[in-house]
Amino acid sequence: MTVLTFPSVEWLQALADLANEDEDFQKIGRLDAVVGLRIGEASYRLTFEVLTCTDVREAGDEELGEADFVISMPSELWQDMIDDIRANGRATGDHTLNSLDLSMEDPIHSNEQGDGYRADKFFRYNPSLQRFFDNVARLDA
């Protein structure tokens, strides 16, 4: 049995594999976006095309700059969300991406080029993104 380490490409790819097979993820609707993630000091880029996560990779600043939006949180906040998902089967209350974004002094999402239209995709695709991360409950701990 392979132990997945958070954060890593393998961990995110395992989430992508679960989401790509998850009927509930697909029922929420299309997700067409390149999403950057900053998890503490680590950076990743996920590409979503309609109902599928097609690419997961480590990303440098240039690749994050090309993303539609970047979700940036300290490792501790990511871990709190993951722990809540594992405990409840999904993110609850103050641990959802939307709640975290609205409760922080600075939003957790942005477009690195200041493109508000592309940054707004965070809200448009928020239910799909949350379901993507809620699949953490299905990962082997």
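**Note on helices α4 and α8 and the aromatic pairs**

1. Just after α4, Gly89 adopts a positive phi of about 85°. This value, like those that follow, is taken from a predicted model. Gly89 also appears among the contacts of Asp134, which, when neighbours within four places in sequence are left aside, touches Ile85, Gly89, Arg90 and Ala91.

2. Helix α4 covers residues 75-88, and its 14 residues, at 1.5 Å a residue, should span 20 Å; the C-alpha atoms at its ends are 20 Å apart, which agrees with that expectation. The buried residues to consider in α4 are Trp78, Met81, Ile82, Asp84 and Ile85. They occupy an arc of only 160° around the axis, and therefore lie on the same side of α4. On the other side of the helix, Glu76 and Ala87 are exposed.

3. A general point helps in reading this pattern: because an α-helix has 3.6 residues a turn, residues three or four places apart point the same way.

4. What lies over the buried residues of α4? The covering elements include α1 (9-21), β1 (33-39), β4 (69-73), α5 (97-103) and α8. Helix α8 is itself mostly covered, with 7 of its 9 residues buried, namely Asn126, Ser128, Leu129, Gln130, Phe132, Phe133 and Asp134.

5. Asp134 belongs to helix α8, which runs over residues 126-134. Is Asp134 buried or exposed? With a relative accessible area of 10%, Asp134 falls under the 20% limit and is therefore buried. Asp134 and Met81 of α4 are separated by 53 residues in sequence, yet their C-alpha atoms are 9.2 Å apart in space.

6. Ser128, also placed in helix α8, has a relative accessibility of 3% and so counts as buried. Not counting residues up to four places away in sequence, Ser128 is in contact with Phe25, Ile28, Gly29, Arg30 and Leu31.

7. Turning to the aromatic side chains, the count comes to 6 aromatic pairs, taking rings whose centres lie within 6.5 Å. In one of them, the ring centres of Phe48 and Phe132 are 5.3 Å apart and the planes stand at 85°, so the pair is edge-to-face. Since Phe48 is in strand β2 (residues 42-49) and Phe132 in helix α8, this pair ties together parts that are 84 residues apart in sequence. Both partners count as buried, Phe48 at 3% relative accessibility and Phe132 at 0%.

8. Phe122 and Phe123 form a further aromatic pair, again edge-to-face, at 5.1 Å centre to centre and with 80° between the planes. How exposed is each partner? Phe122 is buried, with a relative accessible area of 0%, whereas Phe123 is partly exposed, at 34%.

9. Which residues form one aromatic cluster? They are Phe48, Trp78, Phe132 and Phe133. Among these, Trp78 is one of the buried residues of α4, while Phe132 and Phe133 are among the buried residues of α8, and Phe48 lies in strand β2.

10. A last contact to check involves a charge and a ring: the charged end of Arg124 sits over the ring of Tyr125, at 5.5 Å from its centre.

Conventions:
Residues are numbered from 1 along each chain as its sequence is written. This is a predicted model: local features need pLDDT of at least 70, side-chain atom pairs count only at pLDDT 80 or more; totals for chains, interfaces and linings use all residues. Side-chain values use heavy atoms; hydrogens and water are left out. Helices (H or I, at least four residues) and strands (E, at least two) are DSSP runs, numbered from the N terminus. Buried means under 20% relative accessible area, exposed over 50%, partly exposed in between (1.4 Å probe, protein chains only). Contact means heavy atoms within 4.5 Å. The expected span of a helix is 1.5 Å times one less than its number of residues. The arc is that of the directions from the helix axis to the C-beta atoms. Rings of Phe, Tyr and Trp (its six-membered ring) pair if their centres lie within 6.5 Å; planes under 30 degrees apart count as stacked, over 60 as edge-to-face and the rest as tilted. A charge sits over a ring if NZ of Lys or CZ of Arg is within 6 Å of the ring centre and within 35 degrees of the ring normal.
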